[in-house]
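User: I would like to learn how to read strand pairing, nonpolar cores and polar contacts from a set of coordinates. Could we work through one case together?

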Amino acid sequence: MPLLSFLAAASVLTVSAAQGPALGAHVFLGQGEGLGVSPAVTRAVDTQPAGSVFVVFNAGYASNDAVPADTYRNRWRPLGRPVSYANYGDRFAVQGYVAVAGKGGPAHTVSIEKRGEPAGELSLPFVEIRNATRVQDIAQSYAQPSLVVSSGDVRVDGPATLLAFWWGDGGVKRMTVTPGDGFQLIDAFTELPDESGVQGAVAWKQVDRAGTYSVHWTAAPVQGAALWLIAIR
């Protein structure tokens with residue numbers, strides 16, 4: 001886990017609705033231990049006015065478990081179940097959230113109130129999937145320490161955008177994290193300062209046909225990880 005705030009640059013890929021779901025804006029906020037503030041707020045990105053599915057994760061102190069809020073007042077629902085990090089005495093947890101039929105626009109931010117540990121470490125990725133209406137499938141697992149860890153499988157019945165999230169649990173400050181199986185890394189917080197923070201990585205893959213998919217992550221040094229794979233159509 002780490003310190004100091006980190007914001008990965010946001011980027012936008014634009015596609016026509018006829019092309020189906022696709023990656024839109026994305027940003028990653030990392031607040032370090034002792035330097036965090038409440039609320040934690042992502043950098044502003046431009047999302048499309050309608051027709052998106054938004055995904056957010058809250059990783060950090062289990063006591064900072066508020067539901068996200070955003071500029072356009074979307075309704076956020078839990079995405080799977082919260083997971084406690086191994087070997088931290090249930091002090092730290094990670095939880096995903098989704099907003100379907102998402103409303104967006106310029107300067108879109110997501111925030112989380114930190115009621116338990118206002119200055120504590122917290123990581124918050126925010127990802128837009130454009131031209132999408134639903135989450136079709138989710139695979140959620142906790143991988144034991146290994147050089148290569150694998151997600152569960154998701155099944156889709158047509159073209160979909162797959163989002164993969166890796167949340168390492170090791171007490172390390174520098175690490176490399178690489179997705180396989182055709183996934184592309186879009187955001188990562190893996191170069192940590194000397195204090196503390198929550199390492200994480202986000203990857204995506206576009207699939208154009210029905211099928212069953214998974215992702216392998218290679219991470220060094222070896223550590224366990226909470227893993228999500230999400231199929232959005």
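Analyst: Since this is a predicted model, every value below is computed from it. We can begin with a sheet: an open one of three strands, paired antiparallel, has the order E3-E8-E5.

User: Which are the edge strands of this sheet?

Analyst: The edge strands are E3 (40-41) and E5 (69-70), each of which pairs on one side only. Strand E5 is joined to strand E8 (residues 110-112) by two bridges, the two strands running antiparallel, and within E8 it is valine 110 that serves as the bridge partner of aspartate 70.

User: How many residues does the largest nonpolar core have, and which strand gives the most to it?

Analyst: This core has 53 residues, and those with the most contacts inside it are Leu162, Phe165, Trp166, Trp167 and Trp217. Strand E17 (residues 216-232) gives the most, with ten residues. A second, separate core of 16 residues includes Val45, Phe54, Val110 and Phe126, so named here is the valine 110 that pairs with aspartate 70.

User: What does tryptophan 166 touch, if residues up to four places away in sequence are not counted?

Analyst: Its contacts include Val149, Met175, Trp217, Leu227 and the polar residues Gln199 and Gln223.

User: Is glutamine 199 buried or exposed, and why?

Analyst: Glutamine 199 counts as buried because its relative accessibility is 0%, where the cut-off for buried is under 20%. It sits in the loop between strand E14 (184-189) and strand E15 (200-207). Its side chain reaches the backbone oxygen of glycine 170 at 2.9 Å, and a polar contact of 3.0 Å joins it to the side chain of glutamine 223.

How values were computed. Residues are numbered from 1 along each chain as its sequence is written. This is a predicted model: local features need pLDDT of at least 70, side-chain atom pairs count only at pLDDT 80 or more; totals for chains, interfaces and linings use all residues. Side-chain values use heavy atoms; hydrogens and water are left out. A nonpolar core is a set of buried Ala, Val, Leu, Ile, Met, Phe, Trp, Tyr and Cys residues joined through side-chain atoms within 4.5 Å. Buried means under 20% relative accessible area, exposed over 50%, partly exposed in between (1.4 Å probe, protein chains only). Helices (H or I, at least four residues) and strands (E, at least two) are DSSP runs, numbered from the N terminus. Contact means heavy atoms within 4.5 Å. Two strands pair if DSSP finds at least two bridges between them. A polar contact is a pair of N or O atoms within 3.5 Å; within protein, one must be able to donate a hydrogen and the other to accept it, and residues adjacent in sequence count only if both atoms are side-chain atoms.
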